[in-house]
Amino acid sequence: MAYSQMEAWIREFPRQGLWTPEGPAEIPVGDIRHVVLAGMGGSAVGGDLVQALFEPDLAVPFRVHRDYGLPPLPEGTLTVVVSYSGNTEETLSAFAEARRRGFPVVAASSGGRLREEARQAGIPWFVLPEGYAPRATLGYMLTLLTHLFARLRVLPPEAPHRLQEAFRWLASQEEAMTREDALPRELAEKYYLRLPLLYASRRFFPVVERWRAQLNENAKTLAHTASLPEMNHNEIAGLYHPHRVLAATWATFLHFPEDPPRLKARIQHTAELIYEDVLGWNVIQPEGPTIEARFLWSLWVGDWTSLYLARAYEEDPVAIPRITELKTRLQKEHPA
Ligand code: PA5
């Protein structure tokens with residue numbers, strides 16, 4: 001049941017990209033010079049991914065904040081507060097801090113305290129569809145953020161259309177994700193009983209971070225991530241010990257055509273150098289006619305892989321008992 005629920009959500013990903021966000025008619029935020037997105041886990045990842053995908057197009061500096069409060073930020077920073085449940089204490093604390101500093105704020109949730117507090121304060125609030133696990137709303141999150149940023153001129157006006165076209169194309173890839181010899185099934189086999197080491201360029205690192213989080217929450221497995229070229233200057237030196245752990249690792253390199261030209265050679269040499277210390281490695285070259293399509297394709301491969309690995313481990317891909325229990329304990333002992 002839980003398996004088929006997560007499977008349905010993952011299958012739905014391309015359709016989520018055809019959604020039109022409903023929000024306030026007016027967003028009175030003034031002249032935007034800086035943007036911060038505050039959120040945690042599945043509600044923050046959309047920010048990193050939009051930043052990676054649209055990096056060359058962003059009109060102003062943008063960062064994601066995953067913690068209580070807010071870091072030092074320029075005056076008037078637009079603060080986009082995202083919490084799927086609307087009840088995440090770190091995110092609510094960032095919301096309060098943005099208001100205390102007098103920053104323009106936009107909020108998004110499926111309900112919860114964030115909706116109530118935004119309504120009371122007259123802050124623009126966007127609704128996210130109810131009834132999902134937060135991480136299963138990535139298509140909605142990407143769509144919402146791209147629409148919002150285009151509307152606020154943080155992204156070019158055509159960005160939502162480019163993304164939507166890519167989601168349309170992605171729908172044609174369902175069979176390639178699910179058939180017997182599909183790449184995600186192959187990856188799940190490689191990762192089964194092993195520790196995945198996931199590598200990508202600095203720009204596309206959020207994609208492997210999303211893979212890691214999906215593997216953590218859906219398949220209940222550890223996964224490690226690092227970015228290139230940075231890992232060529234430290235981690236590569238450490239891939240010797242503990243030998244017994246490394247003997248059960250599988251290294252995957254995600255290589256986009258948009259990566260710096262020297263990355264191809266770096267991946268090849270890195271893989272050759274670590275070859276004897278890891279169990280195996282592979283390179284994935286994202287498929288699709290545009291950067292947006294390749295980006296979504298990569299995300300979908302990670303989602304399906306996490307689902308197939310959940311099945312191999314006989315884990316429920318929907319339930320996240322430790323996260324739920326931790327939130328309950330904190331709420332009971334120290335209500336926010
Ligand atoms: O995937 C999840 O369920 C988590 O990573 C949540 O997104 C995270 O705990 C934050 O909760 P929320 O998205 O409701 O703010």
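This passage walks through the ligand site, the salt bridges and a few notable backbone features of the structure. The model is a predicted one.

A good place to start is the ligand and its surroundings. The shell around the ligand is made up of 13 residues, and the closest of them are Ser43, Ser83, Ser85, Thr88 and Glu217. Sorted by class, this shell contains four nonpolar, six polar and three charged residues. The ligand occupies the space of the largest pocket.

Three of the closest residues can be followed down to individual atoms. In the side chain of Ser43, an N or O atom is found 2.5 Å from an oxygen atom of the ligand. For Thr88, the distance from a polar side-chain atom to an oxygen atom of the ligand is likewise given as 2.5 Å. The side chain of Ser85 also takes part, with an N or O atom placed 2.7 Å from a ligand oxygen. Taken on its own, the ligand has 370 Å² of accessible area, and the protein covers 94% of this.

Attention can now turn to charged side chains within the protein. Side chains of opposite charge can pair when their charged atoms come close. The structure contains 20 salt bridges. One of these joins the side chains of Glu7 and Arg11, with an N to O distance of 2.8 Å. Where do Glu7 and Arg11 lie? Both belong to helix H1, which spans residues 2–16, and they are four residues apart, or about one turn of the helix.

The backbone offers some details that are worth finding in the 3D view. The peptide bond that leads from Leu228 to Pro229 is cis, and its omega is near 5°. Pro229 sits in the loop that runs between strand E7 (224–228) and helix H10 (235–238). Another cis peptide bond links His241 to Pro242, here with omega at about -5°. Pro242 is part of the loop between H10 and helix H11 (243–246). Helix H10 therefore makes a handy landmark for a reader exploring this region, because one loop leads to it from E7 and another connects it with H11.A further backbone detail concerns Leu193, a residue other than glycine whose phi is positive, at a value near 65°. Leu193 is located in the loop between helix H8 (183–191) and strand E6 (195–201).

Definitions and conventions: Residues are numbered from 1 along each chain as its sequence is written. This is a predicted model: local features need pLDDT of at least 70, side-chain atom pairs count only at pLDDT 80 or more; totals for chains, interfaces and linings use all residues. Side-chain values use heavy atoms; hydrogens and water are left out. A residue is near a molecule or strand if one of its heavy atoms lies within 4 Å of it. A polar contact is a pair of N or O atoms within 3.5 Å; within protein, one must be able to donate a hydrogen and the other to accept it, and residues adjacent in sequence count only if both atoms are side-chain atoms. Accessible areas come from the Shrake-Rupley method with a 1.4 Å probe; for residues, only the protein chains shown count as cover. On a 1 Å grid over the protein atoms alone, a cavity is a set of points where a 1.4 Å probe fits but cannot get out, and a pocket is an open set with protein on both sides within 12 Å along at least five of seven lines; lining residues have an atom within 4 Å of a point. A molecule sits in a cavity or pocket if more than half of its atoms lie within 2 Å of its grid points. Ala, Val, Leu, Ile, Met, Phe, Trp, Tyr, Cys and Pro count as nonpolar, Asp, Glu, Lys and Arg as charged, and the others, Gly among them, as polar. A salt bridge is a side-chain nitrogen of Lys or Arg within 4 Å of a carboxyl oxygen of Asp or Glu. Helices (H or I, at least four residues) and strands (E, at least two) are DSSP runs, numbered from the N terminus.
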